[in-house]
Protein chains: 2
Amino acid sequence: MKQQLKYVYEYERPALATDCVIFGFDGGELKLLLIEREKEPFKNKWALPGGFVFIEETTEECARRILVEKTGVKHMFIEQLYTFSDTDRDPRERIISVAYFALVNKHQYELIAGRDTIKAEWFELSKLPKLAFDHSKIVKVAIQRIKGKVSYQPIGFELLNEKFTLSQLQALYEAILEVSIDKRNFRKKILGMGFLKGLEEKEQNVARKAGQYYSFDKKAYKELTQKGFHFEL
Amino acid sequence: MKQQLKYVYEYERPALATDCVIFGFDGGELKLLLIEREKEPFKNKWALPGGFVFIEETTEECARRILVEKTGVKHMFIEQLYTFSDTDRDPRERIISVAYFALVNKHQYELIAGRDTIKAEWFELSKLPKLAFDHSKIVKVAIQRIKGKVSYQPIGFELLNEKFTLSQLQALYEAILEVSIDKRNFRKKILGMGFLKGLEEKEQNVARKAGQYYSFDKKAYKELTQKGFHFEL
DNA sequence: TTATTAAGTGTATTATTTACACTAAGAATG
DNA sequence: CATTCTTAGTGTAAATAATACACTTAATAA
């Protein structure tokens, strides 16, 4: 039975939703988390995880709620991407969507299909399916943003484990920026910045020389930025 | 008489508005266009120009409509800034605001007070009054954005006349970035980029050596970017 | 024991950024 | 008409940052 209609306004109002572009990385190509829709419109089509904003929550709270629903991860990096307001972006009625992009450590999360979705799956950026609504457009903006951002803010670490090798970090940058980077120059530069803490620990069970683990020292980074340092790769 | 209430929804919906952070420049400090509100809430307080989004227009169309109302300028640089969705940002009811920032050539526009406003006025960034709603927060985000953006996108030209001297351009960068720049290095760099067209014309009626006029060659800039060039100051 | 694979390291060359001071031109002033 | 005032316009050397490049080492697998 349909709920009673009870909210009345003088002027017509669009509905408000958020959509989340969730990036993950596990060594190869950069990946995107998509869901298969269980209901119309775009039933059985792939789409970004999203949902309507409750009246007592901010759009960011809504996005975080959706992220927890889909991945189980509570504290991930999230940033507002852009607000999409084309009048015809949803076939049902006018819906404004405030899109967010999120960076997830693929080892921390567990995929959960959740409400109204058949399944959730990771897709490599080069192998994305056709998406519902204007979600391809949203993804395009998100990819542009992450590419632009990664070079002058140390957000890449959000996609890795707490401990990572410099080779993993380099591979991440190469995946996001779609370039190849000289190993020695990369190490010189990133270590020279002074916010990577070298750990005693090494990789285990690898059929080659084990790489040393490093971690991102947030405190050191903060101090550096306060002294006028600004990250640039 | 109040209009009939006639739009009914199953769930409560926030109202949707846009606010515009309009930057202008005339040689000294960077300036912001503010309006004095004629009505409650925040009657007689200074605020950003803004208004509700019509059901058949996008938020950007709404922002442009407001800009034309306030300044008479139809084609100005405008870019979405951020969407502010705190649940208590308006004392009347929940209103989501998609903020835009705009760059205006102060010589092209005329200030128009317009609907619901007592007057419109330019304020230097260092002399801003207290603002209504969460508008101080919006302005802060906008200043951050313009500072960050101006160094890697040639948007500064939007604030100047079509013809400008290199000294004017330098003064603009110094005003936005709040730094002083070496004249020779600035000229070398900006001219070396190859998208400034030197004109025959010079300044008139100045009690000193007249500066040569230049213009921003959009076509040349576009060609350069397509060849992989990317602007950075 | 050997093969395979990626980790880890230094230097020379080139390109970019920075610091710096005088002459030239135009109007205003007396 | 000469002088003053003000900002336009210009080049070079030094310092810093970016780039290109190849071999040894360590760990497991075969």
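Let us start where the two protein chains meet: 25 residues of chain B are in contact with 25 residues of chain A. On the chain B side, the elements that give two or more residues to this contact are strand 1 (7-9), strand 2, strand 6 (77-84) and strand 7 (95-104). Sorted by class, that side of chain B has twelve nonpolar, seven polar and six charged residues. Please keep in mind as you look around that this is a predicted model.

Now take a wider view of chain A. Its secondary structure comes to five helices and ten strands, and its C-alpha trace spans about 65 × 40 × 30 Å along the principal axes. Chain A has 233 residues, of which 27% count as buried. If you take the contacts in chain A between residues at least 6 apart in sequence, 66% of them join residues at least 24 apart.

The interior comes next. The largest nonpolar core has 94 residues, and those that touch the most other members are A:V21, A:F23, B:V21 and B:F23. Pick out B:V21 and look at its surroundings: leaving aside residues up to four places away in sequence, B:V21 touches B:L32, B:L48, B:L81, B:A99, B:F101, B:I138, B:V139 and B:A142.

Three of those partners, B:I138, B:V139 and B:A142, lead us to helix 2 of chain B, whose buried residues also include B:H135 and B:I146. This helix has 16 residues and reaches 22 Å from its first C-alpha to its last, close to the 22 Å expected at 1.5 Å a residue. Which way do its buried residues point? Seen down the axis of helix 2 of chain B, they fall within an arc of 95°, so they line one face of the helix. A general rule helps here: an α-helix has 3.6 residues a turn, so residues three or four places apart point the same way. On the face of helix 2 turned away from the buried side you will find the exposed residues B:K140, B:Q144 and B:G148. Covering the buried residues are, among others, strand 2, strand 3, strand 4 (46-47), strand 6, strand 7 and helix 3 of chain B.

Helix 3 of chain B (residues 166-177) is our next stop. Its twelve residues reach 16 Å from first C-alpha to last, close to the 16 Å expected at 1.5 Å a residue. The buried residues here are B:L169, B:L172, B:A175 and B:I176. They cover an arc of only 125° around the axis, which puts them on the same side of helix 3 of chain B. These buried residues pack against strand 2 (15-25), strand 3 (30-37), helix 2 (135-150) and helix 4 (183-192) of chain B. Just after helix 3, B:E178 takes a positive phi of about 55°.

Helix 3 of chain B also takes us to the DNA. Around DNA strand D there are 22 residues, and A:K209, B:S167, B:R184, B:R208 and B:Q212 come nearest. Two or more residues of this surface come from each of helix 4 (183-192) of chain A, and helix 3 and helix 4 of chain B. Helix 4 of chain B gives the most, with four residues. By class, the surface near DNA strand D has five nonpolar, seven polar and ten charged residues.

Turn to DNA strand C and you will find 21 residues around it, with A:S167, A:R184, A:R208, A:Q212 and B:K209 coming nearest. Here helix 3 (166-177) and helix 4 of chain A, together with helix 4 of chain B, each supply at least two residues. The surface near DNA strand C divides into five nonpolar, six polar and ten charged residues.

Finally, a few details of the backbone deserve a look. The peptide bond from A:E40 to A:P41 is cis, with omega near -5°, and A:P41 is found in the loop between strand 3 and strand 4 of chain A. In chain B, the peptide bond from B:E40 to B:P41 is cis, with omega near -5°, and B:P41 lies in the loop between strand 3 and strand 4.

Two loop residues of chain B have a positive phi although neither is a glycine: B:D116, at about 60°, and B:F133, at about 50°. Are they buried or exposed? B:D116, in the loop between strand 7 and strand 8 (117-124), counts as exposed, with 11 C-beta neighbours inside 10 Å. B:F133, in the loop between strand 8 and helix 2, is buried, with 23 other C-beta atoms within 10 Å.

Conventions: Residues numbered from 1 in each chain as written. Chains lettered and ligands numbered in written order. Predicted model: local features only at pLDDT ≥ 70, side-chain atom pairs only at ≥ 80, totals over all residues. Expected span 1.5 Å × (residues − 1). Buried ≥ 20, exposed ≤ 12 C-beta atoms within 10 Å, placed from the backbone. Arc of directions from axis to C-beta. Contact = placed C-beta atoms within 7 Å. Near = placed C-beta within 6 Å. Nonpolar A, V, L, I, M, F, W, Y, C, P; charged D, E, K, R; others polar. Core = buried A, V, L, I, M, F, W, Y, C linked by C-beta atoms within 7 Å.
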